[in-house]
Amino acid sequence: MAVSYAAAALEITSLERHITLDRAMYGSDQAASVEPMGFKALVGAVRKIEKAMGNGKIDMNHRRFL
């Protein structure tokens, strides 16, 4: 998962992860796959990283205090 988070921080355009119902199931890539709740957490984290990175625009907010 850490590699996926790092890739998101590097502003990737796509991310591929395999999804499984149970990582303990038989198969060559089950252990490296993500279970549904893990996938939900991954999407949430990637969205937070994207938001934290911003859009590159710098705005100034001027407020007057009376």
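This is a short tour of a helix pair and a pocket in a predicted model.

**Stop 1: the two helices.** Select residues 2-9, helix H1, and residues 36-53, helix H2. Their axes lie 9 Å apart, and the two helices pack at an angle of about 25°. Angles under 35 degrees count as roughly parallel, and H1 and H2 are therefore roughly parallel to each other. Their crossing is right-handed.

**Stop 2: the contact between them.** Show side chains for Ser 4, Tyr 5, Ala 8 and Ala 9 on the H1 side. On the H2 side, add Leu 42, Ala 45, Val 46, Ile 49 and Met 53, which those H1 residues meet. Colour the contact residues by class: eight are nonpolar, one is polar and none is charged.

**Stop 3: the largest pocket.** Keep Val 46 of H2 selected, and add Ile 12, Leu 15, Arg 47 and Glu 50; these five residues, Val 46 included, lie nearest the centre of the largest pocket. The volume of this pocket is about 320 Å³.

**Stop 4: the lining.** Extend the selection to the whole lining, which comprises 15 residues. Which element gives the most to the lining? Helix H2 does, with seven residues. Colour the lining by class as well: eight residues are nonpolar, two polar and five charged. Arg 47 and Glu 50, among the residues nearest the pocket centre, count as charged.

Technical notes:
Residues numbered from 1 in each chain as written. Predicted model: local features only at pLDDT ≥ 70, side-chain atom pairs only at ≥ 80, totals over all residues. Heavy atoms only, no water. Axes fitted to C-alpha atoms, helices over the stretch in contact; angles between N-to-C directions. Helix = DSSP H or I, 4+ residues; strand = E, 2+ residues; numbered from the N terminus. Parallel < 35°, antiparallel > 145°, perpendicular 65-115°, else oblique. Left-handed = near helix turned anticlockwise from the far one by under 90°. Contact = heavy atoms within 4.5 Å. 1 Å grid on protein atoms, 1.4 Å probe; cavity = no way out; pocket = protein on both sides within 12 Å on 5 of 7 lines; lining within 4 Å. Points joined across faces, edges and corners; volume = space filled by probe spheres on them.
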